[in-house]
Amino acid sequence: MPTLKLCARACVISQLTGLSQLDTRNLWREIAGDSSPSGQQPNDLTWYTKTPQRRAHAALLVRLYRQAASSMPEYAAYPHAYYHYARMTASPAESFLWIDSGDPAFRTSEKDYIIPFSRGYFLVQSYTEDKFPGGRRKCELEIKRCRKCQGQYMAHTNEMAVICPVCAKETMG
């Protein structure tokens, strides 16, 4: 089950597959030989904008997910997008974190990802460009393009900046 290698929690796998949480936890235990990590599920979109690195990663993950969702079923789109996100953001200098397979997408712990699988799933489920009648966005986040480097980053809808946090830091420093 590749989603286990991506450090997916049983509750997210349950949401993706439609299996009950009990069945998913039992399968997890059977396959992994241990229980799924526990803890509170993500519930705050501002987490994705707290660091320049998270901002860039969040924009990348949403774009990859949207591309995958346009051509495959939802249960497959997110794991597919996350796998490619994890490969693209892996650092060869941190190859010691990769599981024995040598695939940089598979790390030893969810803490080894800038955006862990469950946080990424919350983001792609919450992110929308839809608007309420009157024009206000339904999601408090939006992907912006930096006028200086042309990179994409996640920002709050009321953020007035026109350059990304990385370029802003370079300008100030």
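This is a conversation between a colleague who is new to this structure and a modeller who walks through its features.

Colleague: Before we look at any detail, how is confidence scored along this chain?

Modeller: Keep in mind that this is a predicted model. The chain has an average pLDDT of 87, and 91% of the residues score at least 70. Where pLDDT is low, the predicted coordinates should not be read in detail.

Colleague: Which elements have the lowest and the highest mean pLDDT?

Modeller: Helix α1 has the lowest mean, 68, while α4 has the highest, 96. We will meet α4 again soon.

Colleague: Let us go on to charged pairs. How many salt bridges does a search of the whole structure find?

Modeller: The search finds 3. To read one, look for a side-chain nitrogen of Lys or Arg within 4 Å of a carboxyl oxygen of Asp or Glu. Take Arg9 and Glu110, whose closest N and O atoms are 2.8 Å apart. Arg9 sits in the loop between α1 and α2, and Glu110 in the loop between α5 and α6, so this pair ties together parts that are 101 residues apart in sequence.

Colleague: Are Arg9 and Glu110 buried or exposed?

Modeller: For this, compare the relative accessible area with a cut-off: under 20% is called buried. Arg9 has 11% and is buried. Glu110, at 16%, is buried as well.

Colleague: What partner does Arg55 have in its salt bridge?

Modeller: Arg55 pairs with Glu159, and their closest N and O atoms are 2.9 Å apart. Arg55 belongs to helix α4, whereas Glu159 lies in the loop between β2 and α7, so the pair ties together parts 104 residues apart in sequence. Arg55 is buried, at 10% relative accessibility.

Colleague: And where do the residues of the Arg66 and Glu129 pair lie?

Modeller: In this salt bridge the closest N and O atoms are 3.6 Å apart. Arg66 is in helix α4 and Glu129 in the loop between α6 and β1, 63 residues apart, so the pair links distant parts of the chain. Arg66 is partly exposed, with a relative accessible area of 32%, and Glu129 is partly exposed at 38%.

Colleague: Now the nonpolar side chains. Which residues touch the most other members of the largest nonpolar core?

Modeller: A core is read as a set of buried nonpolar residues joined through their side chains. Here the largest one has 38 residues, and Tyr48, Tyr78 and Tyr82 touch the most other members. Two or more residues come from each of α2, α4, α5, α6 and β1. Apart from this core lies another, of 5 residues, including Cys146, Tyr153, Ala155 and Cys167.

Colleague: Which residues is Tyr78 in contact with, leaving aside neighbours within four places in sequence?

Modeller: Its contacts are Leu16, Leu61, Tyr65, Pro116, Phe117, Gly120, Tyr121 and Val124.

Colleague: Let us turn to the strands. In what sense do β1 and β2 pair?

Modeller: They pair in the antiparallel sense over 5 bridges. One of the partnerships joins Arg145 to Gln152 in β2. The two strands form a hairpin with 6 residues between them. Within that turn, Gln150 has a phi near 70°, a positive value in a residue other than glycine. Gln150 is partly exposed, with a relative accessible area of 43%.

Colleague: Why is β1 described as largely enclosed by the rest of the structure?

Modeller: Because 4 of its 5 residues are buried. Ile143 is found in β1 and is buried, at 15% relative accessible area. Not counting neighbours within four places in sequence, Ile143 is in contact with Ala59, Val62, Arg63, Tyr127, Gln152, Tyr153 and Met154. The C-alpha atoms of Ile143 and Val62 are 8.7 Å apart, although 81 residues separate the two along the chain.

Colleague: What does His156 touch, not counting residues up to four places away in sequence?

Modeller: His156 is found in strand β2 and is buried, with a relative accessible area of 18%. It touches Thr46, Thr49, Glu140, Leu141, Glu142 and Lys144. With Thr49 there is also a polar contact of 3.1 Å between the side chains.

How values were computed:
Residues are numbered from 1 along each chain as its sequence is written. This is a predicted model: local features need pLDDT of at least 70, side-chain atom pairs count only at pLDDT 80 or more; totals for chains, interfaces and linings use all residues. Side-chain values use heavy atoms; hydrogens and water are left out. Buried means under 20% relative accessible area, exposed over 50%, partly exposed in between (1.4 Å probe, protein chains only). A nonpolar core is a set of buried Ala, Val, Leu, Ile, Met, Phe, Trp, Tyr and Cys residues joined through side-chain atoms within 4.5 Å. Contact means heavy atoms within 4.5 Å. A polar contact is a pair of N or O atoms within 3.5 Å; within protein, one must be able to donate a hydrogen and the other to accept it, and residues adjacent in sequence count only if both atoms are side-chain atoms. Two strands pair if DSSP finds at least two bridges between them. pLDDT is the predictor's confidence in each residue, from 0 to 100.
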